[in-house]
Every structure is written in structure tokens, then in C-alpha cells.
Amino acid sequence: MSLTTLNAISPIDGRYRKATKPLANYFSEEALIKYRVLVEVEYFISLCESNLPQLNGVDKNVFEDLRNIYKNLSTDDALWIKETEKTTNHDVKAVEYFIKSKFDGLGLEKFKEFIHFGLTSQDINNTAIPLSTKEAFEKVYLPSLIAVIAKLKELSVEWKDIPMLARTHGQPASPTRLGKEILVFVERLEEQMRLLFNIPFAAKFGGATGNFNAHHVAYPEIDWKKFGTHFVEEVLGLHHSFPTTQIEHYDHFAAFFDALKRINTILIDLDRDIWTYVSMDYFKQKIKAGEIGSSAMPHKVNPIDFENSEGNLGIANAILEHLSAKLPISRLQRDLTDSTVLRNIGVPIGHTIIGFEATLKGLNKLLLNETKLAEDLEKNWAVVAEAIQTVLRREGYPNPYEALKELTRTNTVIDKTAIHNFIQTLNVSNGIKNELLKITPSNYLGI
């Protein structure tokens, strides 16, 4: 059976394949193979540039041909490596053999043993995986998140002057502006992005147990720590962790996953708020011809985009939580649990992208129902009690909070008439009364 969107086990490769397809360039098995080949090739080139005597015969003009090995890596090449892995039962060794076969065609046969020279497989995995994750973050994740933030900014400006009844503990509270409430999420997301940008994509590169043992015994006169840092940071564009065990610490990876999780949590909060506003009739939703909201109730237009987003972001967070909790823990100098876990990085990012796109789709369908917002404000004149008692405090009026509490903390309707009648009973000047009479639920909005 050929894998299709209909028979894929995971919905990120099935139902939602359209949204997650760009991630295949970074997190698929073929992508992992490509990034491993990239690291091995660039490592060999760096060895050539370090003036090892045995590599002085390598013509630098062949470097571009070497880079074309990974730049032009085909699915057939990946299949060759996977077929070789059936014999080796070792994925990185199969990559090494593939590159050696390419060296034969480039006339580099006598230099083949400097492929993977002095390295262990984790020097390749712990550079290839953070590199692929970094590029997926830059090329897929960030544009998707920025699109959501840009839409929120647009709506915050569009609705900046729309008065809205606030609700704290689900109860009517001091009024706010709809645009400001949207802007809260912009600020939260942008602040987390700033923190996210400070987390490096770190890589381990130092031989079998992190000490460059093999390198040092072969060439003790070379500063291999300096070489490793240059290779990881200048060639690959990652942060070199040193010293390490056989594997990367994964502490920075854990911080990265936790940061992604916080961003998802903020968007879940947004999804739930917008969902609630829809249920309160503050928003209608654009109707698309042919769409069905319910198989039984023809009238329904459900906020399914925000529900889909919440569900996918929740799944993403569950896996991100495991990644950040598990990866920094390894028995002694290394166990294998990180290997299988690292292969799943694309899964939570896939669900995250699905969530981002669903939220954006939902935001684009919102239609503001100003009439309903105005009605709710008009029905809740009690919320101006805070304003009245605060002005009275300013004027030294005795026990203003208690007076307003007695008026408003009842089960009877407090409307404009009740508030204005109360103001007229106050023992204050006409100027103060006129000031208080100008306060309404629609203009008591703060800054």
C-alpha cells in the first residue's frame, strides 16, 4: 500500500497534510538523511581547510561538487541509504557508506577514511537535528506565527474604539475596548517571541564521549576544541556545547520546546476567548456557500476553527512537554532514549502549524456584532459604580464604596435611571453631580 493522505496513521500526514507538507523538508526521514549528509560533507571540507597533511592533496575546486552531494540528494539516494541500513543496522554508518560511494565518482578514493573521521554518530545527529529544527523554525514556524500576530494587530486597530463589557470571574466588570483585549494577545505573543529568539540552537560535537579523544590521539598538535567550535558555529551556524558527554545536553532544546509550549498556551487562551465571544453573539461568522455547521441543525455556524486550533495546540503541548522533560536526562554518558524521541520533533510542530492556521482562518471569518456589544453595556449600568465611588473618594465623601455596594450588590436590575436617581441623592455640588451623570458604560473605558 502506498502512503497517501487517506491511509496515513497520523492526521498531520493525512487529513492535515496540506498544512504540514512544508515541514517534510526538515523532519521527514529523507530530510534527516539529507541533513546528516550535509554535516558529514561540511565536516570533511573543514578538515581539508584545517591543513591536515593527509588532506593536502584534495583540490579545493572539488568542494562544490562535494556540496552538491547533499544539495542534490534525491529520493533514490535516500532509498540507497535506507537499503544499506538494512545491512548495517546503523543509520549514520549507512550515510557514511553513501558518501564514500560518491567519493569514488569524484576521484577522492584515497581520502574516504576521513569521512566521519574521529566522530561518533551523535556528532552527526546532534548537529543535523538542531540544524534542521532551526531552519524549520525560521522558514515555516515563524512565518506562520507572524501571520497570526499580524492579523491580531490588524483587528486590534480595527476595533480599537469599540467599547465592550469586560467580564471577570464571568461577571460584568469595568468596561474595556475590544481592540485593547486583542492587543493583549499581541503583546503576550511578541514578548514570548523575544524570549524565544534568545534561545540558541545548540549542538554537540566532540567525539565518542565529548573529549575529542580520537582526534587528539591522531593529531595532538591541533586545537580540536577550537576546530569544533569553528565548525559548529561558523560553518553550521549553531551554538557549540562544550564540554558534553556523548550527546548534546538538550537543555537549550528543552527551553525551546517550553517556549513553543507557552506560545501555544497563549493561543489556546485566545481561542477560548474568541469562542466565548462568538457564543455571546459578539461575533458572527462569515458564511461560505455549501458549508454545513451541523448534520442535524441547519441554522448552525460553529466556531470550529478555534476548536480545531485548541485541540491541535493541546496535542502539541503534550508532546512538547515530554520532549522538554525527557531529553535533558540521559544515563551516565549516554543512553538511546533521546534517539527515538528526537525523531518526533516534527510532530508537535506539525500540530502547532495546524493550530496556527486554524486560528488565522477563524479570525478571518469574524464579523463584529456591535449591536450586541452595545446592548450588553446598556444592560449593565452597575459597572459605573466603580467610577462613581472613585470620584466620591476624591472629593472626600464619607463611605462611598459602601454606599455604592448597597445600591448595586442586589439581584434587582440596576439601569441608567437607578444610577442617575442615586447620583441626585448625593450630598455633593451640582458640578460633581454633572460630572458623574456624564459617566456611562460606553465611555467609562480608561486609557
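Ala218 lies in helix H9, which covers residues 213-218, and in this predicted model its relative accessibility is 39%, so Ala218 counts as partly exposed, a class that lies between the 20% and 50% limits. Although Ala218 and Gly118 are 100 residues apart in sequence, their C-alpha atoms are 8.7 Å apart in space.

A second residue to look at is Ser156, which is found in helix H7. Is Ser156 buried or exposed? Its relative accessibility is 8%, and because buried means under 20%, Ser156 counts as buried. Leaving aside residues up to four places away in sequence, Ser156 touches Gly179, Ile182 and Leu183.

The two single residues can be set side by side as follows.

| Residue | Helix | Relative accessibility | Class |
|---|---|---|---|
| Ala218 | H9 | 39% | partly exposed |
| Ser156 | H7 | 8% | buried |

Helix H7, residues 121-158, also meets helix H11, residues 251-279, and the axes of these two helices come within 13 Å and cross at roughly 20°. Since angles under 35 degrees count as roughly parallel, H7 and H11 are therefore described as roughly parallel to each other. The crossing of H7 and H11 is left-handed. On the side of H7 the contact is made by Ile129, Pro130, Thr133, Phe137, Tyr141, Leu145, Val148 and Leu152, while H11 contributes Phe253, Phe256, Leu260, Ile263, Leu267 and Leu270. Of the residues in this contact of H7 with H11, 13 are nonpolar and one is polar, whereas none is charged.

Further along the chain, helix H19, residues 430-437, has Ile432, Lys433 and Leu436 as buried residues. Why do they lie on the same side of H19? They cover an arc of only 100° around the axis, and this is what puts them on the same side of the helix. As a general rule, an α-helix has 3.6 residues a turn, so residues three or four places apart point the same way. The buried residues of H19 pack against helix H16, residues 385-394, and against helix H18, residues 416-425.

Helix H16 has buried residues of its own, namely Ala385, Ala387, Ile388, Gln389, Val391 and Leu392. Among the elements that cover these buried residues of H16 are helix H17, residues 400-408, together with H18 and H19. After H16 comes Gly396, whose phi angle is positive, near 75°.

Technical notes: Residues numbered from 1 in each chain as written. Predicted model: local features only at pLDDT ≥ 70, side-chain atom pairs only at ≥ 80, totals over all residues. Heavy atoms only, no water. Buried < 20%, exposed > 50% of the residue type's maximum accessible area, 1.4 Å probe, protein only. Helix = DSSP H or I, 4+ residues; strand = E, 2+ residues; numbered from the N terminus. Arc of directions from axis to C-beta. Contact = heavy atoms within 4.5 Å. Axes fitted to C-alpha atoms, helices over the stretch in contact; angles between N-to-C directions. Parallel < 35°, antiparallel > 145°, perpendicular 65-115°, else oblique. Left-handed = near helix turned anticlockwise from the far one by under 90°. Nonpolar A, V, L, I, M, F, W, Y, C, P; charged D, E, K, R; others polar.
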